[in-house]
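Open the model in your viewer and keep the selection tool at hand. The stops below are meant to be followed in order, each beginning with a selection to make.

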Amino acid sequence: MLAMKFFSFALLLWPLFSYAQSPSTIQSPVKPYFQQEVNYKIAVTLDDVKHTVTGNIEFEYINHSPDTLKEIWMHLWGNAFKNKRTAFSRQKLRDGNSRFYFAADKDLGRYKNLDFNTEGTKINWNYDTKNPDIAVLQLSKALAPGARIRIATPFVLKIPASFSRLGHVETSYQMTQWYPKPAVYDNKGWHAMPYLDQGEFYSEFGAFDVTLTLPENYVVGATGLLQTPSELEFLKRKEQESRELLRKGVNKKKDPFPASSANVKTIRYTAEKVHDFAWFADKRFFVLKDTAKLASGKTVDCWVMFSNAESDIWQKGAFYVRRSVEFYSDKVGEYPWPQATAVHSALSAGGGMEYPMITVIGNSSSPKDLDEVITHEVGHNW
């Protein structure tokens, strides 16, 4: 995330923030390093009238630790926007921002229909007593070192208005921290923490297989490699249309939300060795593409998606992404994924925020400013 005012000071205060009561006890002596693995399969449908996503998630949790686990702590960060008593709400008040505290009920967000199970057998689970965006699953059979378990649940997420990162502005969607995910378990124990409007996120690495169903005139940018040929053709057409419209000139003051198509499309993404999955959907997006060429001969697709609002300074955006990928690949190490995307969308937390293979950028004051923010956020992939 782009550096925030007093960020260094905030890091010093990090241990003072509200954590779950029991999971993150530091164990002594410290165990050798290990890393857990979580592989996800998610399928959801967007309802852009009710502002919900509805579907199912299944994840395979692989215990690479030397410990036998009797429970799995979960982040349910969509519940950070459930009411005015969450750690997020308290944080915003401490920061002097009461917008969320006085928000209308219709603009809040939360999960419904959670029902965790393993191979059809229900799992007993409870919310953390102080944080509705943390839960603990009690395993009926302890998970031995080297063992794996598949856990699934249906869920409905009411998407909040844009108060932080997850949110929507009318029918523009910023889908980040949007699915139930296990907290990290490392050699210091469980790290279950409530969602806060700062910093990056400590999450387990693994693979994602994500299917999205939504009205067919949405443009989507996401983590991962798009696996749907018809959607690839759609993006190719959008890019051609975008270049022609931008060549003619657009009215920045006019940026209406088009009506949603009555027809829907289903698109699929896969991603390997990443710690998160984010997606952004907007019917207004222009689409531009460039191609990064790395020293090894590998190529990386470089996409940008943006609306009318700052279309004048985003016309070189794909080049900024490309240059960033080539620069870091040359100076730090080769970019390991097939694509990199930057989107201009709502962001109520800093100037930009990175996710694997995709970054969201807030408003910029100039092409130079945009170039710097894209370069900064793309660099977080390293």
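Is F100 buried or exposed? Select F100 in this predicted model and you will find that the residue is buried, since its relative accessible area is 2%, below the 20% under which a residue counts as buried.

Now add F88 to the selection, a residue that is also buried, with a relative accessible area of 0%. The model holds 32 aromatic pairs, and F88 with F100 is one that is edge-to-face, because the ring centres are 5.2 Å apart and the planes stand at 70°. F88 belongs to helix 2, whereas F100 sits in the loop between helix 2 and strand 4 (110-112), so the pair ties together parts that are 12 residues apart in sequence.

For a pair with another geometry, select Y195 and F201, whose ring centres lie 6.0 Å apart with planes at 15°, so that this pair is stacked. Both Y195 and F201 are buried.

Return to helix 2 and select residues 87-94, where the buried residues are A87, F88, S89, Q91 and K92. Just past the end of helix 2, G96 has a positive phi of about 85°.

Next, look for charges placed over rings. Select K84 together with Y101, and you will see K84 lying over the face of Y101, at 5.9 Å from the ring centre. Then select K265 and F234, where the charged end of K265 sits over the ring of F234, 3.9 Å from its centre.

Move on to W178, which, together with Y61, W279 and V325, has the most contacts inside the largest nonpolar core, a set of 106 residues. Leaving out neighbours within four places in sequence, W178 is in contact with ten residues that can be selected by name: I42, V44, Y111, F155, L157, L166, V210, F277, A278 and W279. To bring out the aromatic side of this region, select Y40, F59, W178, Y179, F208, Y269, F277 and W279, which form one aromatic cluster.

Keep W279 in view and select A222, which stands opposite W279 in strand 19. A222 is part of strand 16 (residues 219-222), where V219 and G221 point one way and V220 and A222 the other, and all of them are buried. Strand 16 pairs with strand 19 (residues 279-282) in the antiparallel sense, over 4 bridges.

Which side chain does the side chain of H51 meet in a polar contact? Select H51, found in the loop between strand 1 (37-47) and strand 2 (52-62), and the partner turns out to be Y173, at 2.7 Å. H51 is buried, with a relative accessible area of 16%, and, apart from neighbours within four places in sequence, H51 is in contact with L157, K158, I159, H168, E170 and Y173.

Finish in strand 2 by selecting T54, which at 37% relative accessibility counts as partly exposed. Not counting residues up to four places away in sequence, T54 touches A43, V44, T45, F155 and V156. For a last distance across the model, add T291, which is 237 residues from T54 along the chain, and note that the two C-alpha atoms are separated by 35 Å.

Notes
Residues numbered from 1 in each chain as written. Predicted model: local features only at pLDDT ≥ 70, side-chain atom pairs only at ≥ 80, totals over all residues. Heavy atoms only, no water. Helix = DSSP H or I, 4+ residues; strand = E, 2+ residues; numbered from the N terminus. Buried < 20%, exposed > 50% of the residue type's maximum accessible area, 1.4 Å probe, protein only. Polar contact = N/O pair within 3.5 Å; in protein donor to acceptor, adjacent residues only side chain to side chain. Contact = heavy atoms within 4.5 Å. Core = buried A, V, L, I, M, F, W, Y, C linked by side-chain atoms within 4.5 Å. Phe/Tyr/Trp six-rings, centres within 6.5 Å; stacked < 30°, edge-to-face > 60°. Lys NZ or Arg CZ within 6 Å of the ring centre and 35° of its normal. Pairing = 2+ DSSP bridges.
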